[in-house]
Amino acid sequence: MPTQTLTPSQFVADGAGFDLTAALATPTQTTLAFANTGREILFVAAGAISETVTVDVGALVDGQSVTNFTTVNLTNAHTVAFGPFHSVLDQNGTNTVQIVLSTTTAITVALLQTVGVY
């Protein structure tokens, strides 16, 4: 199955603001993947009903695959945030998180990365 690799945009520290609406884009594939540093948050905006998001659990326990979390049913005109993601969700042997959408129609996504403040 083809996968779209996402590159995160960084949040802006100290009140400069971040335009989430402008960052949202229509995905080209139903399977999304991105490097996981523990600071990524995926925003998914639904433009219709009956759209779902599934976070794939990539870790193996004693060589056996683990059941994915329950699929999230999206509500029309709502934006849902997923993450940050624990490393146990990474695909086996990588630092890549994989998310599966039910469609690429009437749905937009934005991958953001939190920034540290000191």
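Colleague: Of the 118 residues of the protein chain, what percentage count as buried?

Modeller: In this predicted model, 35% of the 118 residues count as buried. A residue gets that label if its relative accessible area is under 20%.

Colleague: Fair enough. Why is F43 called buried?

Modeller: F43 has a relative accessible area of 13%. The cut-off for buried is under 20%, so F43, at 13%, is buried.

Colleague: And what makes F11 partly exposed?

Modeller: Its relative accessibility is 27%. Partly exposed runs between the 20% limit for buried and the 50% limit for exposed, so F11, at 27%, counts as partly exposed.

Colleague: Why is the pair of F11 and F43 called edge-to-face?

Modeller: The ring centres of F11 and F43 are 6.4 Å apart, with 85° between the planes. Centres within 6.5 Å make a pair, and planes over 60 degrees apart make it edge-to-face; at 6.4 Å and 85°, F11 and F43 therefore meet both conditions.

Colleague: Which parts of the chain does that pair link?

Modeller: F11 sits in the loop between β2 (9-10) and α1 (20-23), while F43 belongs to strand β4, 32 residues apart. F11 and F43 also form one aromatic cluster with F18. Over the whole structure, the search finds three aromatic pairs.

Colleague: Let's turn to V88. Where does V88 lie, and why is V88 called partly exposed?

Modeller: V88 is in the loop between β9 (79-82) and β10 (96-101). Its relative accessible area is 43%; buried would need under 20% and exposed over 50%, so V88, at 43%, is partly exposed.

Colleague: What is V88 in contact with, leaving aside neighbours within four places in sequence?

Modeller: With V57, G58 and A59. Contact here requires heavy atoms within 4.5 Å.

Colleague: How many residues has the largest nonpolar core, and which have the most contacts inside it?

Modeller: There are 19 residues in that core, and L42, V44, F82, F85 and I99 have the most contacts inside it. Two or more residues each come from β3 (31-35), β4 (40-46), β5 (52-56), β10 and β11 (107-113). Apart from that core lies another, of six residues, including I41 and L112.

Colleague: What does L42 touch, not counting residues up to four places away in sequence?

Modeller: The residues that L42 touches include L6, L32, V80, F82, F85, I99 and V109.

Colleague: How are the strands of the open sheet ordered, and what makes β1 and β8 edge strands?

Modeller: Five strands follow the order β1-β3-β10-β5-β8, with mixed pairing. β1 (3-5) and β8 (72-73) are the edge strands, as each pairs on one side only.

Colleague: How do you know that β5 pairs with β8?

Modeller: Two bridges join β5 to β8. Pairing asks for at least two bridges, so β5 and β8, with two, count as paired. They run antiparallel, and T52 stands opposite N73 in β8.

Colleague: Finally, the whole chain. How does its radius of gyration fit a compact globule?

Modeller: With 118 residues, a compact globule would have a radius of gyration near 13 Å; the protein chain has 15 Å, which agrees. The C-alpha trace spans about 45 × 40 × 20 Å along its principal axes.

Colleague: And how many helices and strands does the protein chain have?

Modeller: One helix and eleven strands. Among contacts between residues at least 6 apart in sequence, 81% join residues at least 24 apart.

Conventions: Residues numbered from 1 in each chain as written. Predicted model: local features only at pLDDT ≥ 70, side-chain atom pairs only at ≥ 80, totals over all residues. Heavy atoms only, no water. Helix = DSSP H or I, 4+ residues; strand = E, 2+ residues; numbered from the N terminus. Buried < 20%, exposed > 50% of the residue type's maximum accessible area, 1.4 Å probe, protein only. Core = buried A, V, L, I, M, F, W, Y, C linked by side-chain atoms within 4.5 Å. Phe/Tyr/Trp six-rings, centres within 6.5 Å; stacked < 30°, edge-to-face > 60°. Rg over C-alpha atoms; globule rule 2.2 N^0.38 Å.
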